[in-house]
Amino acid sequence: MAAERQETLVIENRFSELGRVEAWLAGLVDRWEIPPETAFAVDLVINEAVTNVISYAFPDAGTHPVTLSLTDTPEEVVVEILDGGVPFDPFAAPEMAMSRDLDTAEIGGRGIRLIKSFADRHDYRRVADGNRLCLTLRKSP
């Protein structure tokens, strides 16, 4: 049975950094041989969560670090995202109402729902003037 492995990447709160995140994650998924279904889910939750941090965590125009950690165990993958932005618990936010059709659907606001549906466990904590989001995804067979 493989041992636990962990890698960390620090990015800036800029959309141009999403390419670095994608390349980092692709390398880990390949090297760690994460099953394709799990890799898809990990990519989706990281993309949604980091996009939200970049979009909303920092009201000023400054550059701020965002730390991503990925831990691989035999049974699951754990994603941890740390930022020093404004406090925001995505799991305490009210659920968005589902639209009846495309004509009445609003753009945006679906990321938290996607994260909840793809992560098997999720946890948010405010720690040391920062946000800590932890998402756990069980590996598919």
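Here is a quick look at one strand and its partners, followed by one helix pair, in a predicted model.

**The strand β3 and its partners**

Let's start with β3, which covers residues 76–83. This strand is mostly covered, with 6 of its 8 residues buried. On one side of the pairing list sits β2, residues 65–72, which pairs with β3 in the antiparallel sense. A hairpin of 3 residues takes the chain from β2 to β3. If you want a handle on the register, look at T67: its bridge partner in β3 is L82.

β3 also pairs with β5, residues 130–138, and these two run antiparallel as well. Here E76 is the residue to click on, since it stands opposite R138 in β5.

| Strand pair | Sense | Bridges |
|---|---|---|
| β2 and β3 | antiparallel | 7 bridges |
| β3 and β5 | antiparallel | 8 bridges |

As background, side chains in a regular strand alternate between the two faces of the sheet.

**The helix pair α2 and α3**

Now for the helices. α2 spans residues 36–57 and α3 spans residues 111–118; they pack at an angle of about 150°, with their axes 9 Å apart. The crossing of α2 past α3 is left-handed. From α2, the contact is made by F40, A41, L44, V45, E48, A49 and N52, while α3 brings G111, I112, L114, I115 and F118. What kinds of residue make up this contact of α2 with α3? They divide into 9 nonpolar, 2 polar and 1 charged.

Terms used. Residues are numbered from 1 along each chain as its sequence is written. This is a predicted model: local features need pLDDT of at least 70, side-chain atom pairs count only at pLDDT 80 or more; totals for chains, interfaces and linings use all residues. Side-chain values use heavy atoms; hydrogens and water are left out. Buried means under 20% relative accessible area, exposed over 50%, partly exposed in between (1.4 Å probe, protein chains only). Helices (H or I, at least four residues) and strands (E, at least two) are DSSP runs, numbered from the N terminus. Two strands pair if DSSP finds at least two bridges between them. Axes are lines fitted to C-alpha atoms, for helices over the stretch in contact, and angles run from 0 to 180 degrees between N-to-C directions. A crossing is left-handed if the near helix is turned anticlockwise from the far one by less than a right angle, and right-handed if clockwise. Contact means heavy atoms within 4.5 Å. Ala, Val, Leu, Ile, Met, Phe, Trp, Tyr, Cys and Pro count as nonpolar, Asp, Glu, Lys and Arg as charged, and the others, Gly among them, as polar.
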